[in-house]
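Me: Could you take a close look at one part of this structure with me? I'd like a connected walk through it, please.

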Amino acid sequence: MSDQHIDPAGNTQQFRAFAQRSEQEAPAKKSPLLPIVAVIAVVVIIGVAAFLLLR
C-alpha cells in the first residue's frame with residue numbers, strides 16, 4: 001500500500017468526518033442537465049414526426 005493513502009477508518013473521529021463529508025457532497029453533484037436534454041430530444045422527435053406526417 002502507498003504511504004500517502006490515509007485510511008478514514010483509522011480511528012472513529014476520522015471515520016465520522018469522512019462519512020459526514022461524503023453525505024454532504026453527494027446531493028451537490030446532481031445536475032438538471034439530463035431532464036433538459038430529454039425534453040429537448042422529445043420535442044425534436046415530435047417535430048420531425050409531425051413534419052414527415054404532414055408533408
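Reply: Happy to! A residue is called buried when its relative accessible area is under 20%, and exposed when that value is over 50%. This is a predicted model, and by that cut-off H2 is hardly covered, with zero buried residues among its 22. The rest of the picture fits: 0% of the chain's 55 residues count as buried. The chain has two helices and zero strands, and H2 covers residues 33-54.

How far apart are the end C-alpha atoms of H2? They are 32 Å apart, which agrees with the 32 Å that its 22 residues should span at 1.5 Å a residue.

Now to the surface. Ile36, Ile40, Val44, Val48, Phe51 and Leu52 make up a nonpolar surface patch, and together they have about 580 Å² of accessible area. An α-helix has 3.6 residues a turn, so residues three or four places apart point the same way. Phe51, one of the patch residues, lies in H2 and counts as exposed because its relative accessibility is 53%, and the cut-off is over 50%. For the chain as a whole, about 5500 Å² is exposed, with carbon and sulfur atoms supplying 66% of that area.

Key
Residues are numbered from 1 along each chain as its sequence is written. This is a predicted model: local features need pLDDT of at least 70, side-chain atom pairs count only at pLDDT 80 or more; totals for chains, interfaces and linings use all residues. Side-chain values use heavy atoms; hydrogens and water are left out. Patches are made of residues with over 30% relative accessible area and no salt bridge: like charges are joined within 9 Å, nonpolar side chains (Val, Leu, Ile, Met, Phe, Trp, Tyr) within 5 Å. Accessible areas come from the Shrake-Rupley method with a 1.4 Å probe; for residues, only the protein chains shown count as cover. A salt bridge is a side-chain nitrogen of Lys or Arg within 4 Å of a carboxyl oxygen of Asp or Glu. Helices (H or I, at least four residues) and strands (E, at least two) are DSSP runs, numbered from the N terminus. Buried means under 20% relative accessible area, exposed over 50%, partly exposed in between (1.4 Å probe, protein chains only). The expected span of a helix is 1.5 Å times one less than its number of residues.
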